[in-house]
Amino acid sequence: MFIKVLKLLVKSRFSRYFLLIVFFIFIYSLFTISFGLVTDTPDNFGSYYLAFIFLLFLISATVAGGLSLTAADRDFLLTSPVKNITLIPAFFISQALASSLIFVAAASGALIDFRTDQLGLLAGILAIVCMAILPISMSLNMAGKNIYIKVGFAGVEAAWVVSSFFGFPYGALSFINGSGVDSSIGVILVTVVATAVASQTIRAESLPFRISSFSSRNRNSYRKTYSFTDTSVTGTILKLNFRQVDFTSRAASMGNIRVRINRVSIYMMFIIMSVLASIFTSLIIVYQKTFFGFFGSFGVYLSSVYITWFLSLMLSTGTLSKERAWLSFTSIPIENYLKKVLYAKMLQTLFVSVPFVISSLILGIYVSGTYFTLTVILLFFPAIFSGINFSLSFIRKPYQILQEDLLPSTYNASQFAIFPISMTMLGILFAITIFPVTIIPAFIGSAAFLYILIRNRNYWQKRLYYWVEMGYQ
Amino acid sequence: MESIASSNFENSDPLFMESVSKSYGKIKAVDNFSMTIKVGDRVALLGENGAGKSTTLKIISGLMKPDNGRVRIFGYLPSSFEAKKMIGYLPEDPSPYLNLSVRENLEYIGSIRQTENLESRIEELLDILSLGSMERQKPLSLSRGNRQKLCLALSIIHNPRFAIMDEPLNYLDIPTQEVIFQYFERMNATFLISTHILSIAKRFTTRIVIISSGSKVWDGTIGELEKMETDGKSMESVVSGLMKNVH
């Protein structure tokens, strides 16, 4: 029975998408470490990289990770006659296998740095064995321990890893410094302790209640439907359009255009942007010679601006889609509604720009320490352009409106990104590359242009009502 | 609170519930609910949206622990190995394993549930539910109705003695509903079906339990309910009145 359950869990987790992610991480790791070793990075780049990946993995597993439970597990496995003594180890092992695969892919690049001796192999083995610490992460999450306990434990994990670099022979990565035997003893001890702590943590829990409730930990907020109660109309529109990110994709066949709308949370987008910013930062550091030789140091800022601006367009491609029904309930003039959506999208862009602004800040300090104050402007630049795009998107003729249940303008980047506004943005960016100080008049000019658009009552009435009428035909 | 370790119990009915309560924070989803179901009964659990039907079924199927009260499935705790061998639970809006094909889903779950003659049982279900042509497809490529059919098959693959179903006919077209009803009739099982569609209750079940705000407000047969249809009142308005009276 154990094998059957384990087989089900492993097979249902190791999808091709999961393996693709692992492959991507593997390639990324190899490239990072390869180029890191040939550029002017410090000695022991590989060991630092390994330590970074290890820390990232352990801490994220402890604080946010844990047991991977799908809806299908809850619906069909947990209601099957499987004893806990079978079920729990199967969950642990499948999770550990999946986690180890990601970890090994991420850490594999570091092996290149150790190629001159046998420590590379040991690194790989220890990396897998160190996954023994994972049961604690899982048990803490399963038992619903509070964030302070989890953060505290993550701190202990971090200390154990970092201690290797301060001469502690039993540290997680002490084998790098030649303490292979001591390091192995440390890992074995941690394995035993971790398993014991994990068993103790979940011993009193009446599984599978705990497991099934794990997938809906926020049950207390299950029926909190009052998030917009006592909120003003303006507040509601801003809040709703800030929190939801709209993607749209289109497909045409036989003259009909089909639109698919996907909505995700702004917080999810923030996480995605953070990951992208981290990758961007790492790539710039790795390829710094090539990059700075071609663009100059200010190019870093501009790349951030352009990436953020473009992504802000992408993440709003579905704005105003399927809004006709919503608008029929509103009691405010349509142009007021749309202007508030515009503000919400600007705020949204501002929010998702933060990771790239931080990235610029880090790169600025890392590279030259210059242009520090301009980073503040960078935060607002994509938001301003996001607003301009939103306003000007109503100029485009929405040829598809007669076939779709959409508002005339859908603020669609796929239609819009290649048009004059993008060219203008690109021109400004190149101008700024040559004369960095141009960013200030460019920013002021863009803001003024947006202000004029928003305040121009005639513009909104003429454009909007015309297109709305078209849309309702 | 009773001991988790207890297993055998003097009452060996398919379902015995006594004074069961469950809260989500300050919200009482199930409030002092008691019910017994005898072998062969077909019971419909009716209630408004949010009345506590799904929570009640989750408690019965062992996915959720009640705050108070006792629940037994054939005399065993719902979370016990023995109880799970005898129940077949279909949750509302269920999800099969999305990375496995239709057949793989049936094979794995059927195997874990120790289904006798699994291969022929899978063929039988694929045939009855017209899923044979889709057996190699992954659930994501199926229509919502076909996915519901697959989940129905998963919940009854092991020929459960007690079928607990939450809105089993969701998304299904009328011919398929008819096929399902006929198959249920042939099954040698006790049924507890949660629904808010009265016609399902009238068509298939023999007893109706009405729940409102987590409490049982009425328990009787379809015949008893029909007797309450006086002064030109339809059964829908009778049931609606029963649900509202508690507030």
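1. Start with Arg121(B), which is buried, with a relative accessible area of just 4%. In this predicted model, Arg121(B) pairs with Glu124(B) in a salt bridge whose closest N and O atoms are 2.9 Å apart. Both residues sit in helix H4 of chain B, three residues apart, or about one turn of the helix. The partner is less hidden: Glu124(B) has a relative accessible area of 34% and counts as partly exposed. Side chains of opposite charge can pair when their charged atoms come close.

2. Helix H4 also takes part in a link to helix H3. Arg103(B) and Glu123(B) form a salt bridge, with the closest N and O atoms 2.4 Å apart. Arg103(B) belongs to helix H3 and Glu123(B) to helix H4, so this pair ties together parts of chain B that are 20 residues apart in sequence. Buried or partly exposed: which is Arg103(B)? Its relative accessibility is 15%, and under 20% means buried. Glu123(B), at 39%, is partly exposed. The two are also members of a salt-bridge network that takes in Glu107(B), Glu119(B) and Glu135(B) as well.

3. For a link over a longer stretch of sequence, have a look at Glu185(B) and Arg42(B). Their side chains meet in a salt bridge at 3.0 Å, N to O. Glu185(B) lies in helix H6 (residues 174–186) and Arg42(B) in strand E3 (residues 42–47), so the pair ties together parts of chain B that are 143 residues apart in sequence. Here too a buried arginine goes with a partly exposed glutamate: Arg42(B) has a relative accessible area of 18%, and Glu185(B) has 40%. Over all chains, the salt bridges come to 16.

4. Two loop residues of chain B deserve a glance at their backbone angles. Most residues other than glycine have a negative phi. Asn117(B), however, has a positive phi, near 45°. You'll find Asn117(B) in the loop between helix H3 (102–112) and helix H4 (118–128), and at 60% relative accessibility it counts as exposed. Ser130(B) is the other one, with a positive phi near 55°. Its place is the loop between H4 and helix H5 (144–156), where it counts as partly exposed at 47% relative accessibility.

5. Which residues does Ile208(B) contact, once neighbours within four places in sequence are set aside? The list is Ala44(B), Leu46(B), Ala201(B), Trp218(B), Asp219(B), Gly220(B), Ile222(B) and Leu225(B). Ile208(B) lies in strand E8 (residues 207–212) of chain B, and with a relative accessible area of 0% it is buried. One of those contacts, Gly220(B), is twelve residues along the chain from Ile208(B), and their C-alpha atoms are separated by 5.6 Å.

6. Now for chain B as a whole. It has nine helices and nine strands, and 57% of its 247 residues are buried. Among its contacts with a separation of 6 or more, 68% are between residues 24 or more positions apart. Chain B exposes about 10400 Å², and carbon and sulfur atoms supply 47% of that.

7. Chain A has its own make-up: 21 helices and two strands. Of its 473 residues, 48% count as buried. Among contacts between residues at least 6 apart in sequence, 78% join residues at least 24 apart. The accessible surface of chain A is about 22800 Å², with 68% of it belonging to carbon and sulfur atoms.

8. One part of that surface to pick out is a nonpolar patch formed by Phe168(A), Tyr170(A), Val181(A), Ile185(A) and Leu189(A), with about 470 Å² of accessible area together. Tyr170(A) is in the loop between helix H8 (147–162) and helix H9 (180–203), and at 36% relative accessibility it counts as partly exposed.

9. Finally, the meeting of the two chains. In all, 32 residues of chain A are in contact with 33 residues of chain B. The area buried between them is about 3100 Å², and carbon and sulfur atoms give 65% of it. There are nine residue pairs in polar contact across the interface, counting pairs with both residues at pLDDT 80 or more. How many salt bridges cross between chain A and chain B? One, and it joins the side chains of Lys11(A) and Glu104(B) at 3.2 Å, N to O. On the chain A side, helix H1 (2–13), helix H4 (71–77) and helix H10 (209–214) each supply at least two of the residues that touch chain B.

Definitions and conventions
Residues are numbered from 1 along each chain as its sequence is written. Chains are lettered from A and ligands numbered from 1 in the order in which they are written. This is a predicted model: local features need pLDDT of at least 70, side-chain atom pairs count only at pLDDT 80 or more; totals for chains, interfaces and linings use all residues. Side-chain values use heavy atoms; hydrogens and water are left out. Patches are made of residues with over 30% relative accessible area and no salt bridge: like charges are joined within 9 Å, nonpolar side chains (Val, Leu, Ile, Met, Phe, Trp, Tyr) within 5 Å. Accessible areas come from the Shrake-Rupley method with a 1.4 Å probe; for residues, only the protein chains shown count as cover. A salt bridge is a side-chain nitrogen of Lys or Arg within 4 Å of a carboxyl oxygen of Asp or Glu. Helices (H or I, at least four residues) and strands (E, at least two) are DSSP runs, numbered from the N terminus. Buried means under 20% relative accessible area, exposed over 50%, partly exposed in between (1.4 Å probe, protein chains only). Contact means heavy atoms within 4.5 Å. Buried area is the accessible area (1.4 Å probe) that two parts lose on being put together, summed over both. A polar contact is a pair of N or O atoms within 3.5 Å; within protein, one must be able to donate a hydrogen and the other to accept it, and residues adjacent in sequence count only if both atoms are side-chain atoms.
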